[in-house]
Amino acid sequence: MTSTLSAAVGRNGYYITSAWILVEAGYGSSSVATLLAIVSVVELLASPLVGVAADQFDRRRLNIAADLGRFAIMLATACALLHENVFLTICLSAVVFAFCDRVALTCSQAVIPAVARRGDLVASNSLICFVMQLGCLAAALLFGSLLNEHSPALAFIVLAMFFLASAATLFSMRPDSSSYGICGARRLALDIDPGLLRLFAVYALLYGGAVLISVMGSAFVFEEQRGAAVDFGHVEAAWSAGSLIGAIALNRLARAISAHMLHLTLLGFTALALMALILMSAPWTLVVFAALGFLYNLGRVSVEVTLQSRASHKVLGRAKGTMHSLAVALGLGIFSVAAALGDTVSPSTIFFGFGVMLVISVPAIGIGLARQKIGS
């Protein structure tokens, strides 16, 4: 839990800091889209390989190595910002950071069923996600104020300390080898049935909405809302606060509604919330971002629980890697569109367009689910 909290503060703080530095330096929202497109390419290439590694080697040790890698790149970025071009420095740091971050996330999430053992997967995932979003909320509040009063280099040094704390916490553990040890799975291929593919599609769409907010959020605050770094921190905090509630709500909703129906409902409400941003002004936009955080986290945790209940512990790393690869492929398309449009289209218009895409996708997924039930 301590490692998850520290890493979440560092991860969310990294993206908040990087996005705001680029926008404030005058590079615009297209630079943020370009940055996250680079991250997406790295994650797209790395996710399948990382999934295989998580099923073959000790997941705790891989996580420690990833934390130390993130610690090192934060210090290197802080030093480079004092002497090198801001855009080039952030982009280069993102390449290494994205790879290490994917290793850490895949390993930490793939080990949840083993840690939970016979416990409730819904409760275990909700608790982990609650702690993670608590870290994201802390990062939004901390780094919004930090960037407003201090240099970006100091922000990256603070980020490095959080990743070091995460690595130190994992290193001090004496885990049960059956939980964290080598799985040694023989087969490298993963069997994907239609139901699993639809689950991957739901995750990809939810992920796409989240990364769109990451791309356009800073420009939305800076250009359309005329806000400062503190206001951007408030938007991130609203998102994280909603996510915290989403992690708690899953325990009740999972028992009241089927996972498939829950996923379709969440996609529909996400579409409406994104489309509403074009009509909203501050402070009502904070309510919308809180709702988006709630919907995203509720859906993401539900997808994780469903995946963990369907895939065995020995292939969970590869299943997670494949699912994330498909999601990143969609995210890469979003980044490419945002980078191509640049500053010619307002962020709220892009939010509205993705909402329309979700509206179209919901019945398509629902029809596929209905056919599967009839066939079975």
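Is T306 buried or exposed? With a relative accessible area of 14%, T306 is buried. The cut-off for that label is under 20%. The model is predicted.

**T306 and its surroundings**

T306 belongs to helix α12. A polar atom of its side chain lies 2.8 Å from the backbone oxygen of S302. Beyond the neighbours within four places in sequence, T306 is in contact with L199, A259 and H263. A259 and H263 are in α11, and both take part in the meeting of α11 with α12. L199 falls within the residue range of helix α9, 194-224.

**How α11 meets α12**

Helix α11 covers residues 259-276, and helix α12 covers residues 284-310. Their axes come within 10 Å and cross at roughly 155 degrees. Angles over 145 degrees count as roughly antiparallel. α11 and α12 are therefore roughly antiparallel to each other. The crossing of α11 past α12 is left-handed.

Which residues of α11 meet α12? They are A259, L262, H263, L266, F269, T270, A273 and L274. On the α12 side the partners are V288, L292, L295, L298, G299, S302, V303 and T306. By class, this contact has 11 nonpolar, five polar and no charged residues. S302 thus appears twice here: in the contact with α11, and as the residue whose backbone oxygen faces the T306 side chain at 2.8 Å.

**How α1 packs on α7**

A second helix pair involves α1 and α7. Helix α1 spans residues 2-24. Helix α7 spans residues 152-171. The two pack at an angle of about 160 degrees, with their axes 8 Å apart. That makes α1 roughly antiparallel to α7. α1 passes α7 in a left-handed crossing.

From α1, the contact draws on T2, S3, S6, A7, V9, G10, R11, G13, Y14, T17, S18 and I21. From α7, it draws on P152, A155, F156, L159, F162, F163, A165, S166, T169 and L170. Sorted by class, the contact of α1 with α7 has 12 nonpolar, nine polar and one charged residues.

**V9 in α1**

V9 lies in α1. At 5% relative accessibility, V9 counts as buried. V9 and F162 are 153 residues apart in sequence, yet their C-alpha atoms are 6.9 Å apart in space. Leaving aside neighbours within four places in sequence, V9 is in contact with G135, A138, A139, F143, L159 and F162. Among them, L159 and F162 are α7 residues in the contact with α1.

**Two further buried residues**

R59 sits in helix α3, residues 59-81. Is R59 buried or exposed? R59 counts as buried, at 1% relative accessibility. Its side chain reaches the backbone oxygen of A54 at 2.5 Å.

M216 sits in helix α9. M216 is buried, with a relative accessible area of 1%. How many residues separate M216 and A19 in sequence? The separation is 197 residues, while the C-alpha to C-alpha distance is 9.3 Å. A19 falls within the residue range of α1, 2-24.

**Buried residues in brief**

| Residue | Relative accessible area |
|---|---|
| R59 | 1% |
| M216 | 1% |
| V9 | 5% |
| T306 | 14% |

Definitions and conventions
Residues numbered from 1 in each chain as written. Predicted model: local features only at pLDDT ≥ 70, side-chain atom pairs only at ≥ 80, totals over all residues. Heavy atoms only, no water. Axes fitted to C-alpha atoms, helices over the stretch in contact; angles between N-to-C directions. Helix = DSSP H or I, 4+ residues; strand = E, 2+ residues; numbered from the N terminus. Parallel < 35°, antiparallel > 145°, perpendicular 65-115°, else oblique. Left-handed = near helix turned anticlockwise from the far one by under 90°. Contact = heavy atoms within 4.5 Å. Nonpolar A, V, L, I, M, F, W, Y, C, P; charged D, E, K, R; others polar. Buried < 20%, exposed > 50% of the residue type's maximum accessible area, 1.4 Å probe, protein only. Polar contact = N/O pair within 3.5 Å; in protein donor to acceptor, adjacent residues only side chain to side chain.
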